[in-house]
Amino acid sequence: MGTQRQYLTLKAFCEELAVAKSTFYDWCAKGRAPRHIKLPNGEIRIRRTDLEAWLESREVAA
């Protein structure tokens with residue numbers, strides 16, 4: 001049995017980070033959003049692994 005990929009909906013992503021959808025779209029326009037997949041129906045999915053990598057890349061050392 002293969003490993004199942006975990007994908008977040010845009011709603012789940014925004015809820016997890018406590019940001020508005022408009023913030024996500026602003027980040028996209030500025031090239032700051034995590035890697036994501038745009039489905040043929042226009043919906044967005046974010047791989048859990050891409051989210052984790054994106055968060056780690058924004059980590060600031062104290």
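Biologist: How many salt bridges does the structure hold?
Modeller: This is a predicted model, so local features need pLDDT of at least 70 and side-chain atom pairs count only at pLDDT 80 or more, while totals for chains, interfaces and linings use all residues. Residues are numbered from 1 along each chain as its sequence is written, and side-chain values use heavy atoms, leaving out hydrogens and water. A salt bridge here is a side-chain nitrogen of Lys or Arg within 4 Å of a carboxyl oxygen of Asp or Glu. The count of salt bridges in the structure is 5.

Biologist: How many residues apart in sequence are the parts tied together by arginine 48 and glutamate 16?
Modeller: The side chains of these two meet in a salt bridge at 2.8 Å, N to O. Arginine 48 lies in helix α3 and glutamate 16 in helix α1 (helices are DSSP runs of H or I, at least four residues; strands are runs of E, at least two; numbering starts at the N terminus). The pair therefore ties together parts whose separation in sequence is 32 residues.

Biologist: Is aspartate 50 buried or exposed?
Modeller: Its side chain meets that of arginine 47 in a salt bridge, 3.2 Å from N to O. Buried means under 20% relative accessible area, exposed over 50%, and partly exposed in between, with a 1.4 Å probe and protein chains only. Arginine 47, at 21%, is partly exposed. Aspartate 50 has a relative accessible area of 14%, so it is buried.

Biologist: Which residues do salt bridges that share partners join into one network?
Modeller: Two of its members are partly exposed: arginine 48 at 24% and glutamate 16 at 41%. Shared partners link the salt bridges into one network of Glu16, Arg48 and Glu52.

Biologist: Which residues of α1 are buried?
Modeller: Helix α1 spans residues 10-17. Its opposite face, turned away from the buried side, carries exposed Lys11 and Glu15. The buried set is Leu10, Phe13 and Cys14.

Biologist: Why are those buried residues on the same side of α1?
Modeller: Take the directions from the helix axis to the C-beta atoms. The buried residues lie on the same side because the arc they cover around the axis is only 95°.

Biologist: Which elements do the buried residues of α1 pack against?
Modeller: Contact means heavy atoms within 4.5 Å. α1 lies across β1 and β3. The packing partners of its buried residues are β1 (7-9), α2 (21-29), β3 (44-47) and α3 (48-57).

Biologist: At what angle to β3 does α3 run?
Modeller: Axes are lines fitted to C-alpha atoms, for helices over the stretch in contact, and angles run from 0 to 180 degrees between N-to-C directions. α1 runs at about 85° to β1. α3 lies across β1 and β3, and its angle to β3 is about 70°.

Biologist: Which strands are at the edges of the sheet?
Modeller: The sheet is open, with 3 strands in the order β1-β3-β2 and antiparallel pairing. Strands pair if DSSP finds at least two bridges between them. Each edge strand pairs on one side only; these are β1 and β2 (37-38).

Biologist: How far is the sulfur of cysteine 28 from the closest cysteine sulfur?
Modeller: A disulfide is a pair of cysteine sulfur atoms within 2.5 Å. The whole structure has 0 disulfides. Cysteine 14 is buried at 6%, whereas cysteine 28 is partly exposed at 29%. The closest sulfur to that of cysteine 28 is in cysteine 14, too far for a bond, at 9.6 Å.
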